[in-house]
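Subject: Structure handover

Hello,

Here is the structure I said I would pass on. Please have it open while you read the notes underneath.

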Amino acid sequence: MAALATGTKAPEFDLKTLDGKRFSFADELTHGPVVLAFFKVSCPTCQYALPFFERQYKAYGQKGVKLVGVSQNDAKDTAAFIKEFGVTFPVLLDDTHSYPVSNAYGLTNVPTIFCIAQDGEIEVSSVGWVKADFEEISRKMAEAGKIAPAALFKPGEDVRD
C-alpha cells in the first residue's frame with residue numbers, strides 16, 4: 001500500500017506529544033494547514049531531512065501552518081533523536097506496537113511528508129527526501145502564512161535528492 005495521494009482526505013487522529021500532551025489533528029486544522037513529517041530515528045534519510053524541516057518550522061511554523069513530526073519510535077529514543085538533530089517542532093508518538101496513524105496514512109517508507117490544507121485535503125504527499133517536494137511545501141507554507149518565501153538552503157550548500 002502506498003502513502004495517501006495528493007487530493008485524498010487526510011485521516012483524523014489523536015496522539016500524544018513527546019511531552020505527554022494530547023494532539024488532535026482535527027483541532028489543529030481549525031487553526032490552519034498542517035504539515036506532518038513521519039520519521040524513524042534509525043533512518044539515515046530522516047536524519048538528513050529533518051534538519052531541513054526544522055529550518056522550515058523556524059521560517060513558517062509559527063505563521064499559520066503547524067509543522068509536526070510523527071515518530072515511529074518510543075519516547076526515549078525520540079527524545080534523544082530530536083536533541084541530537086536540533087529538532088524543536090512538536091513531535092508526536094505513534095504507537096510502536098500497531099502504528100495506527102502511520103498505517104492510516106499508508107506509510108511504506110520514512111520519511112514521508114504530507115502537506116494538508118485546512119479543509120483536510122492532502123496537497124503534497126512525499127515519500128523519502130525529494131527536494132522539489134520540500135520546496136513546494138515551503139511555498140505553500142509561505143502562502144498560508146502570507147509571508148515571503150524564506151531561503152532555506154544556505155549559499156554553497158549542496159542539497160541533493
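The notes below go through helix packing, aromatic pairs, backbone geometry and a few single residues.

One point before the details: this is a predicted model.

Helix packing

Two packed helices are described by the angle between their axes and the distance between the axes. Here the pair is α2, residues 44-60, and α5, residues 131-145. Their axes are 10 Å apart and make an angle of about 15°. Angles under 35 degrees count as roughly parallel, and α2 and α5 are therefore roughly parallel to each other. The crossing of α2 past α5 is right-handed. On the α2 side the contact is made by F52, F53, Q56 and Y60. On the α5 side F134, I137, S138, M141 and A142 take part. Sorted by class, the contact between α2 and α5 has 7 nonpolar residues, 2 polar ones and no charged ones.

Aromatic pairs

How many aromatic pairs does a search of the whole structure find? The search gives 18. One of them joins W129 and F134, with ring centres 5.1 Å apart and planes at 45°, so this pair is tilted. W129 is buried, with a relative accessible area of 8%. F134 is also buried, at 2% relative accessibility.

F134 forms an aromatic pair with F153 as well. This pair is tilted too, at 5.5 Å centre to centre and 45° between the planes. It links distant parts of the chain, since F134 is in helix α5 and F153 is in the segment after α5, 19 residues apart. F153 has a relative accessibility of 22% and therefore counts as partly exposed. F134 thus appears both in these ring pairs and in the contact of α5 with α2.

Elsewhere, ring pairs link six residues into a cluster: F13, F23, F25, F38, Y105 and F114.

Backbone geometry

Most residues other than glycine have a negative phi, and most peptide bonds are trans. Three places are worth listing against that background.

- The peptide bond from V110 to P111 is cis, with omega near -5°. P111 is found in the loop between α4 (100-104) and β6 (112-116).
- Y99 is not a glycine, yet its phi is positive, near 45°. Y99 is in the loop between β5 (91-93) and α4, and is partly exposed with a relative accessible area of 23%.
- K146 is not a glycine either, and has a positive phi of about 55°. K146 lies in the segment after α5. At 76% relative accessibility, K146 counts as exposed.

Single residues

T17 belongs to strand β1, residues 14-17. Is T17 buried or exposed? The cut-off for buried is under 20% relative accessible area; T17 has 12% and is therefore buried. Leaving aside residues up to four places away in sequence, T17 touches F23, V91, L92 and L93. Of these contacts, F23 is also a member of the aromatic cluster, and V91, L92 and L93 fall within the range of β5 (91-93).

K76 sits in helix α3, residues 75-84. The relative accessible area of K76 is 70%, so K76 is exposed. K76 and K16 are 60 residues apart along the chain, and their C-alpha atoms are separated by 14 Å.

N103 lies in helix α4 and is partly exposed, with a relative accessible area of 45%. Two distances were computed from N103. N103 and A3 are 100 residues apart in sequence and 8.9 Å apart in space, C-alpha to C-alpha. N103 and A151 are 48 residues apart along the chain, with their C-alpha atoms separated by 33 Å. A151 is in the segment after α5, and at 75% relative accessibility A151 counts as exposed.

Regards

Terms used:
Residues numbered from 1 in each chain as written. Predicted model: local features only at pLDDT ≥ 70, side-chain atom pairs only at ≥ 80, totals over all residues. Heavy atoms only, no water. Axes fitted to C-alpha atoms, helices over the stretch in contact; angles between N-to-C directions. Helix = DSSP H or I, 4+ residues; strand = E, 2+ residues; numbered from the N terminus. Parallel < 35°, antiparallel > 145°, perpendicular 65-115°, else oblique. Left-handed = near helix turned anticlockwise from the far one by under 90°. Contact = heavy atoms within 4.5 Å. Nonpolar A, V, L, I, M, F, W, Y, C, P; charged D, E, K, R; others polar. Buried < 20%, exposed > 50% of the residue type's maximum accessible area, 1.4 Å probe, protein only. Phe/Tyr/Trp six-rings, centres within 6.5 Å; stacked < 30°, edge-to-face > 60°.
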